[in-house]
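The following exercises are to be worked through with the sequence and the structure at hand. Each task is followed by a solution that proceeds step by step.

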Amino acid sequence: MAGYIIYNGFWNPDGPPDPVRRLTDAAKERGRTLTPVPNTAASAEFSESVAVAGFDASDFALFWDKDVRLGRALEALGMRLYNPAEVVAVCDDKAATQLRLAAEGVPMPRTLVAPMTYLHMDEGPARVFLERAEERLGFPMVVKECYGSLGGQVYLARNGAELRALCDHMAARPFLCQEFVAASAGTDIRIYVVDGQPVAAMRRHSETDFRANIGAGGEGEAYTPTEEEAALAVKCCRILGAQFAGVDLLIDADGSPLVCEVNSNAHMAAVTACTGVDVAGAIVDLVFSKERQR
């Protein structure tokens, strides 16, 4: 039995990224080994059975990637993944995340999912959706690609012309339109949940952007979540089946938390620097504990 950390080799051609190095070091500090492997080095082969080069059914892996097809192949081989491939798939698709949480009564900003299209969203067929989005959400309006990271695929439409331009920009990419929570403009709360416990939290704030992401210029500070906020983050992970995740919350004008996103492979450098909490160590402890129970 061997333990691995799967990461994306295309996004990180120069070697393991910061979270993977932190997880590897945390394992070493505990006298264990987690070997980083890029997805580019793991070829799945299907014939009468499933085979993935270099892996065995007795192995396990921290799946720090969004290559869901590879993840499902590894699970079909018999490997245990943390987080499971289905969790990564749902968290990676913002519309799928919203659907799962909305079905369980989780409070979120009002959201409309754009209809599936091919090539691009022509103004004629799109008119009904755009008019409904404007009627239900108003302006400014947050527009998000369903797949994206670090706030890079999140936009703000201030009027109908900008909304139509963003829809045209999306082409055939799936996206959603979301209510702009003015009370949280440029601010959010990230709670890192591991094994059903909120282990660390930070408040992120940007003076120059409606997004609070550190990668978009935001800054973080240690934050103590309220009982309601912590319980909501834990509930999201339970609903989605996430063994660990970063849950992002917005606060509405009444002071109530709204779930913005759930990140199955949330970066940990900023929250660790803010709080001093060894998030990587908590994740590694979870994985090794689960493996000991098997």
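**Exercise 1. Cis peptide bonds**

Where is the place of proline 140? Locate this residue in the predicted model, and then examine the peptide bond that precedes proline 140.

Solution.
Step 1. Proline 140 is situated in the loop between α5 and β8.
Step 2. The bond leading from phenylalanine 139 to proline 140 is cis, and its omega is near 0 degrees.
Step 3. A cis peptide bond is also present between tyrosine 82 and asparagine 83, where omega is about -10 degrees. Asparagine 83 belongs to the loop between β6 (80-82) and α3 (85-92).

**Exercise 2. An open sheet and its helices**

Determine the order of the strands in the open sheet that four strands form, and state which helices pack on this sheet.

Solution.
Step 1. Strands of a sheet pair through backbone hydrogen bonds, in a parallel or an antiparallel manner.
Step 2. Here the order is β7-β10-β8-β9, and the pairing is antiparallel. The edges are formed by β7 (111-113) and β9 (154-157), each of which pairs on one side only. From one strand to the next, the twist averages 25 degrees.
Step 3. Consider one pair in detail: β8 (residues 141-145) and β10 (residues 175-179) are joined in the antiparallel sense over five bridges. Within this pair, glutamate 145 has phenylalanine 175 of β10 as its bridge partner.
Step 4. Turn to the helices. Helix α4 (residues 94-102) lies across β7, β8 and β10 and runs at about 55 degrees to β10. Helix α6 (residues 160-170) also packs on the sheet, where α6 touches β8, β9 and β10. The direction of α6 makes about 150 degrees with that of β9.

**Exercise 3. Two salt bridges that involve strand β8**

Which side chain meets that of arginine 173 in a salt bridge, and is glutamate 145 buried or exposed? Carry out the corresponding analysis for lysine 144.

Solution.
Step 1. Side chains of opposite charge can pair when their charged atoms come close.
Step 2. Arginine 173 meets glutamate 145, with an N to O distance of 3.2 Å.
Step 3. Because arginine 173 lies in the loop between α6 and β10 while glutamate 145 lies in strand β8, the pair ties together parts that are 28 residues apart in sequence.
Step 4. Buried means under 20% relative accessible area. Glutamate 145, at 8%, is therefore buried, whereas arginine 173 is partly exposed, with a value of 35%.
Step 5. Lysine 144 forms a salt bridge with glutamate 261, the closest N and O atoms being 3.3 Å apart. Glutamate 261 is in strand β15 (residues 257-263) and lysine 144 in strand β8, 117 residues apart. Both residues of this pair are buried.

**Exercise 4. A salt bridge between two loops**

Why does the pair of arginine 30 and aspartate 278 tie together parts that are 248 residues apart in sequence?

Solution.
Step 1. The side chains of arginine 30 and aspartate 278 meet in a salt bridge of 3.9 Å, N to O.
Step 2. Arginine 30 lies in the loop between α1 (18-29) and β2 (35-38), and aspartate 278 in the loop between α8 (269-275) and α9 (279-293); therefore the pair connects parts 248 residues apart in sequence.
Step 3. Arginine 30 is partly exposed, at 31% relative accessible area, and aspartate 278 is partly exposed as well, at 37%.

**Exercise 5. Positive phi values**

What is the phi of alanine 171, and what is the phi of aspartate 195? Describe the position of each residue.

Solution.
Step 1. For alanine 171, phi is near 55 degrees, a positive value in a residue other than glycine. Alanine 171 is in the loop between α6 and β10, and its relative accessibility of 23% makes it partly exposed.
Step 2. For aspartate 195, phi is likewise positive, near 55 degrees. Aspartate 195 occupies the loop between β11 (187-194) and β12 (197-205) and is partly exposed, with a relative accessible area of 48%.

**Exercise 6. A nonpolar surface patch**

Which residues make the nonpolar surface patch of about 460 Å²?

Solution.
Step 1. The patch is made by Met116, Tyr118 and Leu119.
Step 2. Leucine 119 is located in the loop between β7 and α5 (123-137).
Step 3. With a relative accessible area of 71%, leucine 119 is exposed, because exposed means over 50%.

Technical notes:
Residues are numbered from 1 along each chain as its sequence is written. This is a predicted model: local features need pLDDT of at least 70, side-chain atom pairs count only at pLDDT 80 or more; totals for chains, interfaces and linings use all residues. Side-chain values use heavy atoms; hydrogens and water are left out. Two strands pair if DSSP finds at least two bridges between them. Axes are lines fitted to C-alpha atoms, for helices over the stretch in contact, and angles run from 0 to 180 degrees between N-to-C directions. Contact means heavy atoms within 4.5 Å. Patches are made of residues with over 30% relative accessible area and no salt bridge: like charges are joined within 9 Å, nonpolar side chains (Val, Leu, Ile, Met, Phe, Trp, Tyr) within 5 Å. Accessible areas come from the Shrake-Rupley method with a 1.4 Å probe; for residues, only the protein chains shown count as cover. A salt bridge is a side-chain nitrogen of Lys or Arg within 4 Å of a carboxyl oxygen of Asp or Glu. Buried means under 20% relative accessible area, exposed over 50%, partly exposed in between (1.4 Å probe, protein chains only).
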